[in-house]
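Reader: Could you walk me through this structure slowly, since I am new to reading models like this?

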Amino acid sequence: MKNLHVFITVIACVTICNLVHCDTSQGLSDEQKIVAMTILGEARNQGQAGMYAVACVIAERSISWKKTPKQVCLKKFQFSCWNENDPNRRKLPHLLNTKEGQYAKALAINLNKLNRNYIKNADHYCHISKNPYWSYKTILKNGQRIKTPIKPLLVIGKHKFYKLR
């Protein structure tokens, strides 16, 4: 059932793109390029389901933080592909011309039409092998502070998704 939901969501995004005559080869706005490059830098190896999920996080943060998608993407230390020492950073513009780039551009163009329920309105994610500081909460038990992991809302590909705000 979960796979069917993923498939339907991905098909819906592609259909939206086709319905609005989305030609991703035409010039994108600067904001759309930043969003598409962020999706590619973070999830190009996660298939369409993973790329859709990252796009949904960008959309969710944009709405809840009251920031533009570009501001969300470029906020320091939010998306590792934009970190100065990340090897993906210099590859980002070239990735727009790949097969995955076409899909990322379609997602960027249709960012406000994505179904954020697909990721249960998650606003954070990380690789399944990572446990960043924000993926823990501190509880008080018998007078002692104990760090316990926050349970992810869902896992898509190799990313765990969380709702922190």
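Author: Let us begin with a rule: rings of Phe, Tyr and Trp, the six-membered ring in the case of Trp, pair if their centres lie within 6.5 Å, and planes over 60 degrees apart count as edge-to-face. Please keep in mind that this is a predicted model.

Reader: Okay, so how many aromatic pairs does that rule give?

Author: By that rule the count comes to four aromatic pairs. One of them is formed by tyrosine 52 and tyrosine 118, with 5.1 Å from centre to centre and 85° between the planes, and this pair is edge-to-face.

Reader: Where do tyrosine 52 and tyrosine 118 sit along the chain?

Author: The pair links distant parts of the chain, as the two residues are 66 residues apart: tyrosine 52 belongs to helix α3, residues 47-65, whereas tyrosine 118 is in the loop between α6 (99-109) and β1 (124-127).

Reader: And is tyrosine 52 buried or exposed?

Author: Tyrosine 52 counts as buried, because its relative accessibility is 3% and buried means under 20%. Tyrosine 118 also has a relative accessibility of 3%, so that residue counts as buried too.

Reader: What about the rings of tryptophan 134 and tyrosine 162?

Author: Their centres are 5.2 Å apart and their planes stand at 90°, so this pair is edge-to-face. The pair again links distant parts of the chain, with tryptophan 134 in the loop between β1 and β2 (136-141) and tyrosine 162 in strand β5 (residues 159-162), 28 residues apart. Tryptophan 134 counts as buried at 18% relative accessibility, and tyrosine 162 counts as buried at 2%.

Reader: Which residues do ring pairs link into a cluster?

Author: Ring pairs link Phe79, Tyr125 and Phe161 into a cluster.

Reader: Switching topic a bit, which ring does lysine 75 lie over?

Author: Lysine 75 lies over the face of tryptophan 65, at 5.1 Å from the ring centre. There is also lysine 147, whose charged end sits over the ring of tyrosine 136, 4.7 Å from the centre of that ring.

Reader: Can we go back to the helices and strands, and how many of them are there in the protein?

Author: The protein has six helices and five strands, and from the N terminus on its elements run α-α-α-α-α-α-β-β-β-β-β. Of its 165 residues, 44% count as buried.

Reader: You mentioned α3 before, so how many residues does α3 have, and how far does it reach?

Author: Helix α3 has 19 residues and reaches 27 Å from its first C-alpha to its last, which is close to the 27 Å expected at 1.5 Å a residue. This helix is mostly covered, with 15 of its 19 residues buried.

Reader: What comes just after α3?

Author: Just after α3, lysine 66 takes a positive phi of about 55°, although this residue is not a glycine. Lysine 66 is found in the loop between α3 and α4 (69-74), and at 72% relative accessibility it counts as exposed.

Reader: What is the phi of lysine 120, and is that residue a glycine or not?

Author: Lysine 120 is not a glycine, yet it has a positive phi of about 55°, and its place is in the loop between α6 and β1. In sequence, leucine 153 and lysine 120 are 33 residues apart, while in space they are 7.0 Å apart, C-alpha to C-alpha. Leucine 153 lies in the loop between β3 (144-149) and β4 (154-156), and it counts as partly exposed at 32% relative accessibility.

Reader: Last topic: at what angle do α2 and α6 pack?

Author: Helix α2, residues 30-43, packs with α6 at an angle of about 130°, and their axes are 8 Å apart. The two helices are therefore oblique to each other, and α2 passes α6 in a right-handed crossing.

Reader: How far apart are the end C-alpha atoms of α2?

Author: They are 20 Å apart, which agrees with the 20 Å that its 14 residues should span at 1.5 Å a residue. Helix α2 is mostly covered, as 10 of its 14 residues are buried, and among the buried ones are Ile34, Met37, Leu40 and Ala43.

Note on methods:
Residues are numbered from 1 along each chain as its sequence is written. This is a predicted model: local features need pLDDT of at least 70, side-chain atom pairs count only at pLDDT 80 or more; totals for chains, interfaces and linings use all residues. Side-chain values use heavy atoms; hydrogens and water are left out. Rings of Phe, Tyr and Trp (its six-membered ring) pair if their centres lie within 6.5 Å; planes under 30 degrees apart count as stacked, over 60 as edge-to-face and the rest as tilted. Helices (H or I, at least four residues) and strands (E, at least two) are DSSP runs, numbered from the N terminus. Buried means under 20% relative accessible area, exposed over 50%, partly exposed in between (1.4 Å probe, protein chains only). A charge sits over a ring if NZ of Lys or CZ of Arg is within 6 Å of the ring centre and within 35 degrees of the ring normal. The expected span of a helix is 1.5 Å times one less than its number of residues. Axes are lines fitted to C-alpha atoms, for helices over the stretch in contact, and angles run from 0 to 180 degrees between N-to-C directions. Angles under 35 degrees count as roughly parallel, over 145 as roughly antiparallel, 65 to 115 as roughly perpendicular and the rest as oblique. A crossing is left-handed if the near helix is turned anticlockwise from the far one by less than a right angle, and right-handed if clockwise.
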